[in-house]
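Reader: I should be grateful for a close look at one strand in this model and at the strands that pair with it. Please set that part in the context of the whole chain, and treat any unusual backbone angles as well.

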Amino acid sequence: MSDPLYYSLCAVLLFGVMAGIALLSRVKTASLGNGLSALCMAAAIIVVLRRYDLFSLGGLWICLIIGLALGLWGAAKVKMIQMPQAVALLNGFGGAASALVAAVYVWDRSPGNGFAYTAAALALAVGWLTFSGSMVAAGKLHNRIRQQPLIWPGHSPILLLCLSLMAILICLLPLWQPGRITAAVLLTLVALFFGIAFALRIGGADMPIAISLLNALSGTAGAIAGMTVNEPLLVAIGGVVGASGIILTQIMCRNMNRRLAEILTGATAISKSGGMPAAKSDTPPSAARETIAAASSGQAGEADVFAALQSARQVIIVPGYGMALAQAQHLVKQLSDALERRGAEVKFAIHPVAGRMPGHMNVLLCEAEVPYEQLYEMQDINEQFALCDVAVVIGANDVINPAANTAEGTPIYGMPVLKVAEAPLIVVCNYDRNPGYAGVENPLYDMKKTALFLGDAKESLNKLLQALAENV
């Protein structure tokens with residue numbers, strides 16, 4: 001394949017990938033964008049194989065077939081609720097692939113220029129720390145690793161020492177000809193440890209930002225690996241992935257009122273005041289509030305809640321990660337339909353981090369065929385809570401916790417939250433009243449206007465649906 005033809009194809013494929021990413025920004029065209037990007041990536045593999053006359057390598061085709069089979073199996077096997085950890089795994093695999101490219105280049109021992117070896121060293125560092133950090137993130141998201149921040153004694157100095165060692169080894173690898181392999185092995189070990197130590201310190205409240213950052217690092221590692229082997233298409237596409245990941249990370253930081261430097265240094269995981277004070281509530285904790293809507297209680301108040309829902313004209317539904325865990329999105333759609341049949345206008349309030357990755361709630365609700373026009377971002381819906389009749393919370397905690405405005409020193413302090421507390425009546429369908437992923441008590445549960453439906457979200461929603469079905 002001639003150079004002009006190859007570079008022309010690279011430009012077309014790169015444009016296709018970028019067009020696919022642009023289409024992903026709109027729900028109605030997201031499926032088309034995903035398909036277009038995937039098709040361009042498949043074509044890029046074929047173009048590169050043709051460029052270097054690799055079609056005759058039988059072992060390569062066996063690996064491609066195995067990878068394709070594993071990808072198809074994973075796409076069919078992974079549930080929507082497991083998508084955040086699946087994304088973390090894919091980020092890690094991307095970083096490992098880039099690191100392996102660099103490792104092969106270094107291991108080859110063939111003469112190379114200083115730039116290529118420096119790029120290989122950078123790819124090793126970024127690729128392996130992305131891999132190990134992503135594995136820890138996936139473990140946290142899958143409840144295989146403690147979800148709260150894990151902070152060791154001297155955690156920050158340890159990370160600083162690792163960064164210093166990586167910088168020294170990156171500079172040393174191109175210069176130390178006899179010990180190049182040794183430097184690469186040491187760099188790999190330090191990078192792997194750094195990724196683990198870095199990810200362990202990140203708590204659940206900041207996990208969406210961590211996922212975005214790891215995605216950016218995965219693309220960056222790919223671009224650096226492309227520089228190592230002088231492959232412009234890999235450089236370009238890796239750069240696009242890295243840049244889009246960084247932009248998404250910045251957006252998430254802005255939405256959560258976070259500084260990336262604070263997350264990287266663990267400042268958001270450490271209580272500055274040494275405690276977790278709760279925000280003031282309009283009533284002391286009351287055991288009766290926990291059972292107000294229990295089917296077996298028969299307490300006065302249950303009928304009032306159901307009557308309010310039956311007569312409501314403005315209802316805001318707030319989905320959270322608990323809805324995803326309970327796989328209750330289809331019942332939420334039924335609740336929305338039942339309310340609309342009674343003449344209510346239903347809106348869905350979507351917090352930027354209501355889930356474990358950006359857009360998690362949007363995907364789940366669209367899967368349940370909730371019209372996208374009913375989904376409202378936080379900044380567009382927050383002022384409407386005070387004007388609605390009822391706010392119905394389905395498995396959300398941290399994103400509605402008013403303690404974020406008052407509890408200084410907690411992991412969520414300063415994070416913008418949905419103003420559910422301003423609604424005249426709040427119906428909370430959560431599994432229990434334990435603190436959320438960030439570990440901060442939620443004073444919303446003790447407000448007089450809050451009715452708690454504790455237990456499995458599906459059972460709670462069925463109670464509401466049954467009440468709405470009466471006297472239609």
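Author: In this predicted model, 48% of the 472 residues of the protein count as buried. The strand to be examined, S5, contributes to that share: S5 covers residues 426-429, and Ile426, Val427, Val428 and Cys429 are all buried. Ile426 and Val428 point one way from the strand, whereas Val427 and Cys429 point the other way. Burial here means a relative accessible area under 20%, so the side chains on either face of S5 belong to residues that fall below that value.

The pairing of S5 can be described partner by partner. Strand S4, residues 390-394, is joined to S5 by 4 bridges, and the two run parallel. Within this pair, valine 392 stands opposite valine 427 of S5. Strand S6, residues 450-452, is joined to S5 by 3 bridges, and this pair also runs parallel. Here isoleucine 426 of S5 stands opposite threonine 450 of S6. S5 thus pairs with S4 and with S6.

As for the wider setting, the protein holds 17 helices and 6 strands. Its radius of gyration is 25 Å, close to the 23 Å that the globule rule gives for 472 residues, so the protein is as compact as a globular protein of that length. The C-alpha trace spans about 80 × 50 × 35 Å along the principal axes. Among contacts between residues at least 6 apart in sequence, 78% join residues at least 24 apart.

The surface and the charges complete this setting. The accessible surface comes to about 21800 Å², and carbon and sulfur atoms account for 65% of that area. There are 30 positive and 29 negative side chains, and the centres of the two sets lie 5 Å apart.

Backbone angles remain to be treated. Most residues other than glycine have a negative phi. Aspartate 53, although not a glycine, has a positive phi of about 55°. This aspartate 53 lies in the loop between helix H2 (27-51) and helix H3 (58-77), and with a relative accessible area of 53% it is exposed. Asparagine 230 is likewise not a glycine and has a positive phi of about 60°. The loop that holds asparagine 230 lies between helix H8 (207-228) and helix H9 (232-255). At 64% relative accessibility, asparagine 230 counts as exposed. Both residues thus contrast with those of S5: aspartate 53 and asparagine 230 are exposed, whereas the residues of the strand are buried.

Note on methods. Residues are numbered from 1 along each chain as its sequence is written. This is a predicted model: local features need pLDDT of at least 70, side-chain atom pairs count only at pLDDT 80 or more; totals for chains, interfaces and linings use all residues. Side-chain values use heavy atoms; hydrogens and water are left out. The radius of gyration is taken over C-alpha atoms; the globule rule is 2.2 Å times the number of residues to the power 0.38. Buried means under 20% relative accessible area, exposed over 50%, partly exposed in between (1.4 Å probe, protein chains only). Contact means heavy atoms within 4.5 Å. Accessible areas come from the Shrake-Rupley method with a 1.4 Å probe; for residues, only the protein chains shown count as cover. Lys and Arg count as positive and Asp and Glu as negative; His and the chain ends are not counted. The place of a charge is taken as NZ of Lys, CZ of Arg, CG of Asp or CD of Glu. Two strands pair if DSSP finds at least two bridges between them.
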